[in-house]
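Biologist: Could you take a close look at the packing on the inside of this one for me? Cut-offs included, please, since I'd like to know what each term stands for.

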Amino acid sequence: MLYIRENKNLIIRRAISLVFIFCCFLLQSSGIWIPEIFGVNAFILIPAVVCVGMFERETWGAIAGLFAGLLWDSIAARGQGYHGVVLMAAGFLCGFLVRYMMRNNFMAAVCLCGGITIVHNVVFWLFYFVFAGIDGAFLPLWRIYLPSAAYTLVFLPIMYFPVRAVAKALRREPMGREPEEE
C-alpha cells in the first residue's frame, strides 16, 4: 500500500501509456479513422512506442513496445512475433538513447521515429518478400513500405505533444507539504 501511495503518479502515467497504445492499436487496425492513401497505411503504433519510450525510458519503453507489438502481431497476416520483437527493441532503444545520448525534444523524436519506421519496414520487406523468393519483390518496397514510413511520420506530432504533456504533468509527486505559517 505504501508503494502505491508513494508512486501514484508513476502508476497513473504508465497506465495512461498502455491505454494510449491500445487506442492507437484500435485506430491502426480499424482502418476507419486513418485513411489508406493509394494502398499505403500509417503504422501509428511505431510513433506511439517511440514517444512512450522517450518519456518513460528504456525498461518501460521495452515493455510498452512489447505490448504494442503483441497487439499488432495478434491481427497480422504474416510476421507472427516480428512486430513484438522490433517494437520492444525500438522502445528500449528510444529510452536508452534519450537517457544517455540525445535530448528529449521533437526533432529527436522525428529522427528516431523515421529511422525506426524505415528499419521496421525494410527488414519486414526483406524477410517476407525478398528472402521468401516472391517475384517482383521491389514493387511493394517502392509502392507500399517506403511511402508508409513518410505517412507514419505525419502522425508523430499528434502523439508526441500529448505524451509529453502527460509525462510533464505526472512527472514527480511532491514529497510532502510544507507546514503553513500562520
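Modeller: Here's a walk through the interior, starting with the ground rules.

This is a predicted model, so to speak of local features we ask for pLDDT of at least 70, and side-chain atom pairs count only at pLDDT 80 or more, while totals for chains, interfaces and linings use all residues. Residues are numbered from 1 along each chain as its sequence is written, and side-chain values use heavy atoms, with hydrogens and water left out.

The chain has seven helices and zero strands, where helices (H or I, at least four residues) and strands (E, at least two) are DSSP runs numbered from the N terminus. Its C-alpha atoms fill a box of roughly 80 × 35 × 30 Å along the principal axes. Of its 182 residues, 41% are buried, meaning under 20% relative accessible area with a 1.4 Å probe, protein chains only (over 50% is exposed, in between is partly exposed).

Now the inside. A nonpolar core here is a set of buried Ala, Val, Leu, Ile, Met, Phe, Trp, Tyr and Cys residues joined through side-chain atoms within 4.5 Å. The largest one has 39 residues, and Leu 45, Val 50 and Met 54 touch the most other members. Helices H2 (8-30), H3 (45-75), H4 (82-100), H5 (106-130) and H7 (156-169) each put in at least two residues, with H3 giving the most, 14. Take Met 54: skipping neighbours within four places in sequence, its contacts are Cys 94, Val 98, Asn 104, Asn 105, Ala 108, Ala 109, Leu 112 and Tyr 160, a contact being heavy atoms within 4.5 Å. Apart from this core lies another, of seven residues, including Trp 125, Ala 137, Leu 141 and Tyr 145.

Cys 51 sits in helix H3 and counts as buried because its relative accessibility is 0%. Not counting residues up to four places away, Cys 51 touches Leu 156, Met 159, Tyr 160 and Val 163. Its C-alpha is 9.6 Å from that of Ser 17, 34 residues apart along the chain.

H7 also packs on H2, at about 160° with axes 10 Å apart; axes are lines fitted to C-alpha atoms over the stretch in contact, and angles run from 0 to 180 degrees between N-to-C directions. So H2 and H7 are roughly antiparallel (over 145 degrees; under 35 is roughly parallel, 65 to 115 roughly perpendicular, the rest oblique). Arg 13, Ile 16, Phe 20 and Cys 24 in H2 meet Met 159, Val 163, Val 166 and Ala 167 in H7.

Some polar side chains are in there too. Thr 117, in helix H5, is buried because its relative accessible area is 0%. The Thr 117 side chain reaches the backbone oxygen of Cys 113 at 2.6 Å, and beyond its neighbours within four places Thr 117 contacts Ile 46, Ala 149 and Thr 152.

His 83, in helix H4, is also buried, at 4% relative accessibility. The side chains of His 83 and His 120 make a polar contact at 3.0 Å, that is, a pair of N or O atoms within 3.5 Å; within protein, one must be able to donate a hydrogen and the other to accept it, and residues adjacent in sequence count only if both atoms are side-chain atoms. Leaving out neighbours within four places, the contacts of His 83 include Trp 72, Asp 73 and Phe 124.
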